[in-house]
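Me: I am new to this structure and would like a close look at a single part. Could you walk me through chain B, its sheet and the side that touches its partner?

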Amino acid sequence: MRTLRILFAKELNATLTSPIGYTVAAVFLLVLGYTFSLTLFVTKVANLQYIFHQMYVLSILLVPVLTMRTFAEERRSETLELLLTTPVRELSVVLAKYAATLTLVIGIFALTLVYAVILDRYGEPDWGPIYAGYLALALHASLLVAVGLLMSSITESQVVAAALSIGAFLMLWFADSVSYLLPPPFDTFAINLSLIGHFKPMVSGSVFLSDIGYFVTASMLALFLTAWGLAQR
Amino acid sequence: MMISSIDAAPPDDAPARATDAPAISAVSVSKRYGSVTALDRLTLDIRCGEVFGLLGPNGSGKTTFMRLLAGYLLPSAGRLTVAGLDTVCDSLAVRRRIGYVPESAPLYRQMRVGEFLAFMARLRGLPERAVAAAVERVVDQLALGAVVDKPTRALSRGYRQRAALAQALIHDPDILILDEPTNGLDPRQIIEMRELIRSFAGRHTVLMSSHILSEVEKTSDRVAVLLNGRLLGVRAMADTPDLEGWFLSLT
């Protein structure tokens with residue numbers, strides 16, 4: 001546990017001292033601020049569904065920028081060799097990077113709570129879908145970060161890691177589209193693999209255990225594969 | 001000297017072993033990458049407290065052997081023990097007992113030297129109360145005082161090499177594994193590094209690699225020659241007045 005804490009502190013420090021995190025946060029908040037103002041003035045409806053959908057799309061594009069350096073940079077600069085020849089388990093290294101990156105992403109998401117506060121100040125929002133929406137975003141972030149780490153762990157090029165992550169996220173997003181071409185039971189499998197299929201109900205306020213299970217299972221699988229891949233040397 | 005007091009090492013994870021056991025023992029160790037054999041049935045014993053030199057051209061398998069010892073790579077065949085512990089089955093315990101400096105002397109660029117050494121001390125399991133003293137000890141030992149507050153990215157090659165060596169010494173390991181420790185250093189720095197390595201003899205078992213004959217000649221008690229992943233010979237330096245001639249006769 002102590003090793004995990006030490007590694008987490010190092011990763012969080014690296015994340016917070018890099019300009020990448022601040023740039024991503026700035027772009028994220030700029031685009032969302034614009035959308036929030038626009039939808040609020042046009043629709044005059046006190047809900048955050050549009051914002052949640054936009055956060056879903058933006059995170060698919062921006063999370064890879066945060067995860068791409070995690071392992072690829074360590075591999076390129078050969079510090080991974082240094083790290084993995086100290087008495088630490090591969091899983092601790094993976095979990096520390098996951099926790100630090102997820103903290104940053106959720107921290108950026110948390111800044112959008114100001115929109116909920118504005119809605120509460122000037123309207124009467126339904127809080128159920130807002131709570132459920134933030135839960136969905138947290139789970140979505142967990143999956144994206146875990147898959148992003150997996151992609152970063154298989155290459156020493158940050159650009160390749162980011163491209164692979166975006167590709168994987170888009171495949172997961174549109175996985176249900178391919179179901180029309182598949183025979184049963186593969187069509188059902190493709191539908192259940194879809195990222196948006198598990199995200200949408202929660203944003204509308206319907207929280208199902210199956211949707212939570214999807215995000216948790218997929219995140220754990222990606223983290224396990226990352227640790228397993230690191231151990232295959 | 002073998003398995004001296006290491007704050008980091010929990011006493012209960014080391015199986016009982018004879019004190020005269022070799023510090024490092026390789027029995028028919030091979031490492032293959034697909035069809036490429038990087039190390040071919042290497043059998044070698046390295047005694048406690050000696051400075052052992054691995055000599056060979058680039059691509060001869062020196063780095064692969066060191067990575068296997070450090071637990072970074074897993075052998076494809078054979079058995080490798082460090083301080084009596086199997087590098088595969090007791091990987092974490094082995095890593096507690098060694099200090100390893102990779103060839104490129106990698107450091108975390110965003111950290112300051114002192115911060116980096118403290119981080120490595122914690123990772124190697126030193127208790128929090130011992131970290132500051134350990135950092136101070138290696139800073140003194142390697143004359144890093146002038147750069148301890150500098151970011152590692154601002155260090156010269158010589159200081160980088162010393163900082164990398166300092167992290168390997170931070171937990172006072174029994175065994176030091178140094179991959180090309182004089183690589184990229186200027187003549188004065190090479191002499192300093194050589195003296196430093198010699199000063200470890202007796203207190204630490206040192207395995208160092210080089211492709212420069214004179215480096216191995218001036219620092220090692222014994223030397224092994226590797227070529228294309230195969231061990232060609234092992235000699236005590238005291239019995240080898242003409243290292244160059246011996247090397248040429250083997251290769």
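Reply: Here is a tour of chain B, starting with confidence, then the sheet, then the contact with chain A.

A few ground rules come with this predicted model: local features need pLDDT of at least 70, side-chain atom pairs count only at pLDDT 80 or more, and totals for chains, interfaces and linings use all residues. Residues are numbered from 1 along each chain as its sequence is written, chains are lettered from A and ligands numbered from 1 in the order in which they are written, and side-chain values use heavy atoms, with hydrogens and water left out.

Let us begin with confidence. The average pLDDT (the predictor's confidence in each residue, from 0 to 100) is 87 for chain B, and 92% of its residues score at least 70. Over residues 1-19 of chain B the pLDDT is below 50, yet this stretch has 47 contacts (heavy atoms within 4.5 Å) in the model beyond near neighbours in sequence. Helices (H or I, at least four residues) and strands (E, at least two) are DSSP runs, numbered from the N terminus. Within chain B, helix 3 (residues 113-123) has the highest confidence, at a mean of 96, while helix 8 (residues 243-250) has the lowest, at 82. For the complex, the predictor gives an ipTM of 0.84 and a pTM of 0.87.

Now for the sheet. Four strands of chain B form an open sheet in the order 2-1-4-5, with antiparallel pairing; two strands pair if DSSP finds at least two bridges between them. Strand 2 (36-46) and strand 5 (85-86) of chain B are at the edges with a single partner strand each, so one side of each has no neighbour in the sheet. Seven bridges link strand 1 (residues 24-33) of chain B to strand 2 of chain B in the antiparallel sense, and here Ser25(B) stands opposite Asp45(B). The hairpin of these two strands has two residues between them, and Gly34(B) takes a positive phi near 60 degrees there.

At the other end of the order, strand 4 (residues 77-82) of chain B pairs with strand 5 of chain B over two bridges, again antiparallel. Val82(B) faces Leu85(B) in strand 5 of chain B. In the loop between strand 4 and strand 5 of chain B sits Ala83(B), whose phi is positive, near 55 degrees, in a residue other than glycine. Most residues other than glycine have a negative phi.

Finally, the partner. In chain B, 30 residues are in contact with 24 residues of chain A. The two chains bury about 2500 Å² between them, 60% of it on carbon and sulfur atoms; buried area is the accessible area (1.4 Å probe) that two parts lose on being put together, summed over both. On the chain B side, Tyr72(B), Tyr108(B) and Leu123(B) lose the most area to chain A, together 29% of what that side buries.

Two salt bridges join chain B and chain A, each a side-chain nitrogen of Lys or Arg within 4 Å of a carboxyl oxygen of Asp or Glu. One of them pairs Glu128(B) with Arg2(A), whose closest N and O atoms are 3.2 Å apart. Helix 1 (62-70), helix 2 (91-97) and helix 3 of chain B are the elements that give two or more residues to the side touching chain A. Helix 3 of chain B supplies the largest share of that side, six residues.
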